[in-house]
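Hi,

Here is the structure I said I would pass on. Have a look at it first, and then read on for what I found.

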Amino acid sequence: MKKFVSTTLAFALVFPIAAFAQGTLKVGTVDMQRAFKEYGKTKDAEAKINDAKNAAKKEYDDRAESYKKALDEINNLNKQLDAPALSADAKSQKAKERDDKIANIKNMEREINEFRQTRERQLQEQAMRMREGIVKEITDIVMEKVKTNNMDLVFDKSGMSLNGVPVLMYSHGNVDFTNDIIAVLNKPGRATSTEKASTSPSTTPARGSKP
C-alpha cells in the first residue's frame with residue numbers, strides 16, 4: 001500500500017479576481033502524501049491489509065498442497081498401471097480410480113483459479129475502501145482548516161503533473177500547514193467523520209410518535 005495517495009488534490013475554493021490583483025490572495029499548501037503516511041490510521045490499515053493477504057496466501061498454499069498430493073496420487077496410479085504383473089481386473093479398477101482422481105483434480109484447478117482471482121479482487125477493493133476513507137478524513141480536516149482561516153486556495157505540494165514535475169514549484173514555508181493537519185489527525189480521542197455520523201441522533205420521528 002505504498003501509493004495510497006496517487007492523485008493530485010487541489011482545492012480551488014474561492015478565487016476573487018480583485019483580491020488577486022491587490023495581492024491579498026490567501027494561499028496555503030499541504031503535503032497530502034506526508035499527511036497520509038504519518039497518520040496513525042494508515043499503519044493500522046496497512047496491517048489489516050497485510051493480515052488479509054497472509055490469510056489468503058495461507059489458504060492458497062493449502063489448496064496448492066492438496067492439489068500436489070492429488071497429482072502425486074495420479075502419477076502413482078499411472079506407475080501401477082504400467083506394472084506387467086497387474087491383472088486385468090486390478091488394472092481396470094486402478095484405471096477407474098485414476099480417472100476419478102483426474103476428474104477431481106480438474107475441479108481443484110478450477111477452484112484454485114477462482115479462489116485466486118476472487119481473493120485478489122477482494123483485497124484490491126478492501127485496500128481501495130481503506131485508502132478512500134483515509135483520504136476523505138484528511139480532506140475533511142484540510143477543509144476545516146481552510147474555512148477557519150478563510151483561505152482562497154490550497155495546493156497539494158506532493159502532487160505531480162503528467163510530465164512528472166511537481167505541480168507546486170515553490171512556496172514560502174510559512175504557508176504550509178501539513179504539521180497542523182497531522183497533529184489533528186493523530187489527536188487522541190478524535191472522532192472521525194464516520195464515527196460522528198454513526199453517533200449523531202436521527203432526525204426521523206419514531207414510528208407512531210407525533211411531530
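Starting at the N terminus, the elements of the chain come in the order β-α-β-α-α-α-β-α-α. That gives six helices and three strands in total. Keep in mind that this is a predicted model. Of the 211 residues in the chain, 25% are buried. If you take the contacts between residues at least 6 apart in sequence, 84% of them join residues at least 24 apart.

Most of my notes are about α3 and α4, so let me take those two helices one at a time.

Helix α3 covers residues 40–81. Is its length what you would expect for a helix? I should put that properly: what span should its 42 residues have at 1.5 Å a residue? The expected value is 62 Å, and the C-alpha atoms at the two ends of α3 are 62 Å apart, so the two agree. The same kind of check on α4 (88–148) works out too: its 61 residues should span 90 Å, and its end C-alpha atoms are indeed 90 Å apart.Now for how these helices meet. α3 and α4 pack with their axes 9 Å apart, at an angle of about 170°. An angle over 145 degrees counts as roughly antiparallel, so α3 is roughly antiparallel to α4. The residues in this contact divide into 22 nonpolar, five polar and 16 charged.

Which residues of α3 are buried? They are Thr42, Ala45, Ile49, Ala56, Ala70, Ile74, Leu77 and Leu81. What covers them includes α4 (88–148) and also α2 (32–38).

Two alanines in α3 are worth a look on screen:

- Alanine 56 sits in helix α3. With a relative accessible area of 10%, alanine 56 is buried, as the cut-off is under 20%. Leaving aside neighbours within four places in sequence, alanine 56 is in contact with Phe115, Arg119 and Leu123. The C-alpha atom of alanine 56 is also 8.4 Å from that of arginine 116, although 60 residues separate the two along the chain.
- Alanine 64 is in helix α3 as well. Its relative accessible area is 30%, so alanine 64 is partly exposed. The C-alpha atoms of alanine 64 and isoleucine 112 are 7.6 Å apart, with the two positions 48 residues apart along the chain.

Further along, α4 also packs against helix α5 (residues 178–185), with an angle of about 120° and 10 Å between the axes. That angle makes α4 oblique to α5. The crossing of α4 past α5 is right-handed. On the α4 side you will find Glu137, Ile138, Ile141, Val142 and Lys145, and they meet Asp180, Ile181, Val184 and Leu185 of α5. By type, the residues of this contact are six nonpolar, no polar and three charged.

One last spot, at the end of α4. Which residue takes a positive phi just after α4? It is asparagine 150, with a phi of about 50°. Most residues other than glycine have a negative phi, and asparagine 150 has a positive one although it is not a glycine. Asparagine 150 lies in the loop between α4 and β3 (153–156). Is asparagine 150 buried or exposed? At 59% relative accessibility, asparagine 150 counts as exposed, since the cut-off for that is over 50%.

That is what I have for now. Over to you.

Cheers

Definitions and conventions
Residues numbered from 1 in each chain as written. Predicted model: local features only at pLDDT ≥ 70, side-chain atom pairs only at ≥ 80, totals over all residues. Heavy atoms only, no water. Helix = DSSP H or I, 4+ residues; strand = E, 2+ residues; numbered from the N terminus. Expected span 1.5 Å × (residues − 1). Buried < 20%, exposed > 50% of the residue type's maximum accessible area, 1.4 Å probe, protein only. Contact = heavy atoms within 4.5 Å. Axes fitted to C-alpha atoms, helices over the stretch in contact; angles between N-to-C directions. Parallel < 35°, antiparallel > 145°, perpendicular 65-115°, else oblique. Nonpolar A, V, L, I, M, F, W, Y, C, P; charged D, E, K, R; others polar. Left-handed = near helix turned anticlockwise from the far one by under 90°.
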